[in-house]
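Trainee: Please take me through this model one topic at a time, and give each term its cut-offs when it comes up.

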Amino acid sequence: MSKRYCYVCRGGVAAGRRIAPDPILNTLLGIKKSLGISRSAGKELVVCRKCLPIYDKMRKTFIRKLAYLGVVALIIFIAQTYIVSIWAGFIFAAFILSFSLIYYAPALESEEPAPARHA
Ligand SMILES: [Zn+2]
């Protein structure tokens with residue numbers, strides 16, 4: 001059985017570029033694992049060569065949406081803080097930012113040779 005799992009085509013693959021761990025990804029994977037619907041459990045998350053162009057588009061879309069939602073969230077945060085309270089500002093801003101998760105795409109690890117993690 002393959003030890004690597006492609007984030008895009010959601011299948012076992014022989015090789016691919018490693019996905020960098022991040023808090024959002026860890027949380028999403030943690031939720032999936034606890035629900036028992038994780039197919040990537042115990043496997044290394046990668047993007048296979050075939051999926052790299054698709055992944056690039058996903059990642060760019062996510063960055064664009066995040067930048068856009070960040071601006072919207074900031075405006076709403078300032079408005080809510082001014083009109084209601086700073087807590088209302090935080091809640092509304094977090095709510096707006098949570099929309100970016102629809103487009104969420106984790107970053108890949110850099111191309112530079114990283115120190116070996118599997119000893
Ligand atoms: Zn793939």
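Mentor: Two residues are in contact if their C-beta atoms, placed from the backbone, lie within 7 Å. This is a predicted model, in which local features need pLDDT of at least 70 and side-chain atom pairs count only at pLDDT 80 or more, while totals for chains, interfaces and linings use all residues. Residues are numbered from 1 along each chain as its sequence is written.

Trainee: Among contacts in the protein chain between residues at least 6 apart in sequence, what percentage join residues at least 24 apart?

Mentor: The count leaves aside pairs that are not at least 6 apart in sequence. Of the contacts that remain in the protein chain, the share joining residues at least 24 apart is 71%.

Trainee: In which element of the protein chain is confidence highest?

Mentor: Confidence here is pLDDT, the predictor's own value for each residue, on a scale from 0 to 100. The protein chain has a mean of 91, with 92% of its residues at 70 or more. Confidence is lowest in H1, at a mean of 91, and the highest mean, 96, belongs to helix H2 (residues 52–83).

Trainee: What pattern does the protein chain follow along the sequence?

Mentor: Helices (H or I, at least four residues) and strands (E, at least two) are DSSP runs, numbered from the N terminus. By that rule the protein chain has 3 helices and 4 strands. Read along the sequence, they give the pattern β-β-β-α-β-α-α.

Trainee: Which strands stand at the edges of the sheet?

Mentor: Two strands pair if DSSP finds at least two bridges between them, and the open sheet of 4 strands that results has mixed pairing and the order S2-S1-S4-S3. An edge strand has a single partner strand, so one side of it is left without a neighbour in the sheet, and this is the case for strand S2 (12–13) and strand S3 (17–18).

Trainee: Which residue of S4 is the bridge partner of Arg18?

Mentor: S3 and S4 run antiparallel and are joined by 2 bridges, whereas S1 and S4 pair in the parallel sense over 3 bridges. In the S1 pairing, Cys6 stands opposite Val46. For Arg18, too, the bridge partner in S4 is Val46.

Trainee: Which strands each supply at least two residues of the largest nonpolar core?

Mentor: A residue is buried if 20 or more other C-beta atoms lie within 10 Å of its own, exposed if 12 or fewer, and partly exposed in between, with C-beta atoms placed from the backbone. A nonpolar core is a set of buried Ala, Val, Leu, Ile, Met, Phe, Trp, Tyr and Cys residues joined through C-beta atoms within 7 Å. The largest such core has 11 residues, including Tyr5, Cys6, Val46, Val47, Tyr55 and Ala105. At least two of its residues come from each of strand S1 (4–6) and S4.

Trainee: Against which elements do the buried residues of H2 pack?

Mentor: The buried residues of H2 are Tyr55, Ala73 and Phe77. Not counting residues up to four places away in sequence, Tyr55 touches Val8, Val47 and Ala105. Taken together, the buried residues of H2 pack against S4 and helix H3 (86–98).

Trainee: Is Ile78 of H2 buried or exposed, and why?

Mentor: Ile78 lies in helix H2, and its C-alpha atom is separated by 9.4 Å from that of Phe90, which is 12 residues away along the chain. Because Ile78 has 12 C-beta neighbours inside 10 Å, it counts as exposed.

Trainee: How many of the 13 residues of H1 are buried?

Mentor: The expected span of a helix is 1.5 Å times one less than its number of residues, and the end C-alpha atoms of H1 are 18 Å apart, which agrees with the 18 Å its 13 residues should span. H1 is followed by Gly36, whose phi is positive, near 75°. H1 lies largely in the open, because the number of its residues that are buried is 0.

Trainee: What radius of gyration does the protein chain have?

Mentor: The radius of gyration is taken over C-alpha atoms, and the globule rule is 2.2 Å times the number of residues to the power 0.38. The C-alpha atoms fill a box of roughly 55 × 30 × 25 Å along the principal axes, and buried residues make up 14% of the 119 residues. A compact globule of 119 residues would have a radius of gyration near 14 Å, but the value for the protein chain is 18 Å.
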